[in-house]
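Reader: Before I rely on any of the labels attached to this complex, I would like to see how each was reached. Could you take me through the reasoning?

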Amino acid sequence: MSKGGRNLIILGLISILITSITCGISLHLYHSSGDIYLDRSRPGFLPDENEKDAEKKTTYTFSEDGIITDEVVDEYLKNLEEEIKNIDNIKAPFSADPLSDESLGISTDEHIKTGE
Amino acid sequence: MPVLLCVFCAQFAFADEPTPLTNEQRDSIVMNCSSIKTNLSRIQKADSATRVHLGTTYQNISSRFLIPMNLRLVKNNQLGSDLNTNFNDFNTGRNNFNQNFINYSRELENLIGTDCKEKPDEFYQTLQKVRTLRSKVAEDASYLRWLLNNHLDSIKTLKKGEKDV
């Protein structure tokens, strides 16, 4: 093998090593910072198709310029209340029910124990 | 007074202690281990969707409504201390919501990774921690909703105190 060819292989290996190290550091930071839990683009957490359609997109943005009149306040309240409905659509977010013993199938009943 | 303080502290100490697992519960966990794990994974995915939905809405409300309204009120010399405090509390509440969700998710992942067939007691203890962390996320969501109600009330009072600037 020529010297140039050997150097090319060394360069390639060093590049792979540097890429692996930087990827490892990035993934570590991604996990340790907790961003991984806020990210829905990771495998297994991608939104379903019907979920995407159900999402209501808001285009309204209140202007930071101008005077404050009754009409302006009414318009602001109307649009803000509309946006707040997106929150109210989720009933009791993070309620205790899904993690209760009953919901998870952890029962104290004897019939479960005996499989009756 | 010291007696009252002791009783108060004892209540907290008691609250932190995990509820011991009964034999029936232990058997039930071992027997239903795989279905419990499936349920937990389903909850994990649903919670992630809820977090994104709420987080996006909070972000929209902050950037499209609260910030512009605050700026407009400042420009019109109408920003009251209650509106400003409410705005700051909302942003702090959003950060707490995200951080508490991260803590909850981390523990939930730990719970899903725990072998419930071999270590049902450890599994149940972790489950109790997860429940506590989940309740904090729920409190954050309720608090943010309450702040938005306060904000709406404060904005409504602007109509009565309308001024030409």
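Author: What follows takes the labels in turn, for a model that is predicted.

Reader: Why is the pair E81(A) and K156(B) called a salt bridge?

Author: The label requires a side-chain nitrogen of Lys or Arg within 4 Å of a carboxyl oxygen of Asp or Glu. The side chains of E81(A) and K156(B) meet at 4.0 Å, N to O, and the pair is therefore counted under the cut-off of within 4 Å. Five salt bridges are counted between chain B and chain A, while a search of the whole structure finds eight over all chains.

Reader: What makes K85(A) and E82(A) a salt bridge, and where do these two residues lie?

Author: The side chains of K85(A) and E82(A) meet at 3.5 Å, N to O, so the pair satisfies the rule of a Lys or Arg nitrogen within 4 Å of a carboxyl oxygen. Both residues lie in helix α4 (residues 70-88) of chain A, three residues apart, which is about one turn of the helix.

Reader: How do you know how much area chain B and chain A bury, and which residues of chain B supply the most of its share?

Author: Buried area is the accessible area that two parts lose on being put together, summed over both, so the value belongs to the two chains jointly. Chain B and chain A bury about 5700 Å² between them, with 62% of it on carbon and sulfur atoms. R64(B), F65(B) and R72(B) supply 13% of the area that chain B buries against chain A, more than any other three residues. The contact takes 64 residues from chain B and 56 residues from chain A.

Reader: How many residue pairs are in polar contact across this interface, and which element of chain B gives the most to it?

Author: The rule finds 26 residue pairs in polar contact across the interface, both partners being at pLDDT 80 or more. On the side of chain B that touches chain A, α3(B) gives the most, with 27 residues. That side divides into 31 nonpolar, 16 polar and 17 charged residues.

Reader: Why is the largest empty space called a cavity, and what lines it?

Author: A cavity is a set of points where a 1.4 Å probe fits but cannot get out, so the name says that the space is closed to that probe. One cavity of 30 Å³ or more is counted, and about 40 Å³ of space lies in the largest cavity. Its lining includes Y37(A), R42(A) and F45(A), together with Q44(B) and D47(B). α4(B) gives the most to this lining, with four residues, and by class the lining has five nonpolar, three polar and two charged residues.

Methods: Residues numbered from 1 in each chain as written. Chains lettered and ligands numbered in written order. Predicted model: local features only at pLDDT ≥ 70, side-chain atom pairs only at ≥ 80, totals over all residues. Heavy atoms only, no water. Contact = heavy atoms within 4.5 Å. Buried area = accessible area lost by both parts, 1.4 Å probe. Polar contact = N/O pair within 3.5 Å; in protein donor to acceptor, adjacent residues only side chain to side chain. Nonpolar A, V, L, I, M, F, W, Y, C, P; charged D, E, K, R; others polar. 1 Å grid on protein atoms, 1.4 Å probe; cavity = no way out; pocket = protein on both sides within 12 Å on 5 of 7 lines; lining within 4 Å. Points joined across faces, edges and corners; volume = space filled by probe spheres on them.
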